[in-house]
Amino acid sequence: MDRLERLINLTAALLEAERPLTADELHQRLPGYADSATAFRRAFERDKDVLREMGVPLVLEPVDPMSQPGVEGYRIPKDEYYLQDPGLDPDELAALHLAASAVELEGTGGVEALWKLGGWVAEEGPPPAMAALPGAVHLSAAFAAISRRQPATFTYRGEQRRVDPWRLAFRNGHWYLLGRDHARDGERNFRLDRVDSEIVADDSAHPFEPPPETRAPSAPWQMGDEEPVRARLLVDGDHAGWAVGQVGADAIESRREDGSVVLVVTVTNRGAFRSFVLGFLDHAEVVDPPELRNDLIEWLEQLCDA
């Protein structure tokens, strides 16, 4: 018996067990392990590590505190193991497999999770990832709240927040949670590394329906937690087409006879907006608000002084 079959048997036994099973019971019940107790222990410890690395919730609990005090056994809680079926067809499952294989997320085993969705994973493991994304402390909790479509509470920069979490996004080296802030009754972005507490989903709340037009942030300058400001940007005619392609046609406020265009965007990340504007060199101008225009001027002056 190869190791993959042994791991599948071990997972099935721990999922279906009516009570925690001791290591000795597993040794007796499962094929594929050596008869020697010492060899079994070595192989069993390795198998436990593999399952946990794959995200399988293997727990150690008392077998029966009354009749067998101090004796512990293993089990896999079904409610923590099984994923809700998203209803993927074979083509969608294949696309998910490709994405999980191509991008490695720090601290997770994305390809292994496909086992729970019915995806095939080669025994020798996935090919090396072509790109890697850093993880974040609150990433799993945020993703869980989004999946359940339940409001979540957490402390952000010292203030208690209650948010309908809509979407996660990775921009400029940071993870952001996008959602509706209840207290402000509006869309906000929260940088996960600035969350000061655990993200706790409200299991008693009714699931919400995220608005389709806010499925994903459209630009880096919207990926921030600063107070939203409405910015007007004038772009020369020879760069207008490219600029409109970046922000979308809905951002056009007006077109001028010389071909230039005035764009209106909402900014919650001033640094990212400044980078966008400077990409046009002298072919774009922040028209208003004055504080955003002055912020760019002061930044350039400090750069020149340096």
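**Helices, nonpolar cores and backbone geometry of the predicted model**

The protein comprises 10 helices and 13 strands, as seen in a model that is predicted. Of its 306 residues, 37% are buried, and the accessible surface amounts to about 17900 Å², with carbon and sulfur atoms contributing 50% of that area. Among the contacts in the protein with a separation of 6 or more, 60% are made by residues 24 or more positions apart.

Helix α1 (residues 3–16) was examined for its length and for the side that it turns inward. Its 14 residues should span 20 Å at 1.5 Å a residue, and this agrees with the separation of its end C-alpha atoms, which are 20 Å apart. The buried residues of α1 are Arg 6, Leu 7, Leu 10, Thr 11, Leu 14 and Leu 15; because these residues cover an arc of only 165 degrees around the axis, they are placed on the same side of α1. The elements against which the buried residues of α1 pack are the helices α2 (23–29), α3 (37–53) and α4 (78–81), together with the strand β2 (68–75). In helix α7 (residues 139–148), the buried residues include Leu 139, Ala 142, Ala 145 and Ile 146, and these cover an arc of only 130 degrees around the axis, so they lie on the same side of α7. The residue that follows α7 is Arg 149, which has a positive phi near 55 degrees.

In soluble globular proteins, nonpolar side chains tend to be buried together. In the present model the largest nonpolar core contains 24 residues, and the members that touch the most other members are Trp 221, Val 235, Val 265, Val 267 and Phe 273. At least two residues of this core come from each of the strands β10 (229–235), β12 (261–267) and β13 (284–288) and from each of the helices α8 (237–247), α9 (270–278) and α10 (290–305). Apart from this core lies another, of 20 residues, which includes Leu 15, Leu 30, Val 50 and Met 54; Leu 15 is also one of the buried residues of α1.

The surroundings of Trp 221 were considered in further detail. When neighbours within four places in sequence are left aside, Trp 221 is in contact with Val 247, Val 265, Thr 266, Val 267, Thr 268, Asn 269, Ala 272, Phe 273 and Phe 276. Ser 275, which is found in helix α9, has a C-alpha atom separated by 9.0 Å from that of Trp 221, although the two residues are 54 residues apart along the chain. With a relative accessible area of 51%, Ser 275 is exposed.

A pair of aromatic rings is described by the distance of the centres and the angle of the planes. The model contains six aromatic pairs, among them that of Phe 40 and Phe 44, whose ring centres are 5.3 Å apart and whose planes stand at 10 degrees, so that the pair is stacked. Both residues lie in helix α3, four residues apart, about one turn of the helix. Phe 40 counts as buried at 1% relative accessibility, and Phe 44 likewise counts as buried at 1% relative accessibility. For Phe 276 and Phe 280, by contrast, the ring centres are 5.2 Å apart and the planes lie at 85 degrees, so this pair is edge-to-face. Both Phe 276 and Phe 280 are buried. One aromatic cluster is formed by Tyr 33, Phe 40, Phe 44 and Tyr 74.

Most residues other than glycine have a negative phi, and most peptide bonds are trans. Against this background, the peptide bond from Asp 288 to Pro 289 is cis, with omega near 10 degrees, and Pro 289 is found in the loop between β13 and α10. Arg 157, although not a glycine, has a positive phi of about 55 degrees; Arg 157 lies in the loop between β5 (152–156) and β6 (159–171) and is exposed, with a relative accessible area of 53%. Asp 185 likewise has a positive phi, near 50 degrees, in a residue other than glycine. Asp 185 is placed in the loop between β7 (174–181) and β8 (186–191), and at 56% relative accessibility Asp 185 counts as exposed.

Key: Residues are numbered from 1 along each chain as its sequence is written. This is a predicted model: local features need pLDDT of at least 70, side-chain atom pairs count only at pLDDT 80 or more; totals for chains, interfaces and linings use all residues. Side-chain values use heavy atoms; hydrogens and water are left out. Buried means under 20% relative accessible area, exposed over 50%, partly exposed in between (1.4 Å probe, protein chains only). Contact means heavy atoms within 4.5 Å. Accessible areas come from the Shrake-Rupley method with a 1.4 Å probe; for residues, only the protein chains shown count as cover. The expected span of a helix is 1.5 Å times one less than its number of residues. The arc is that of the directions from the helix axis to the C-beta atoms. A nonpolar core is a set of buried Ala, Val, Leu, Ile, Met, Phe, Trp, Tyr and Cys residues joined through side-chain atoms within 4.5 Å. Rings of Phe, Tyr and Trp (its six-membered ring) pair if their centres lie within 6.5 Å; planes under 30 degrees apart count as stacked, over 60 as edge-to-face and the rest as tilted.
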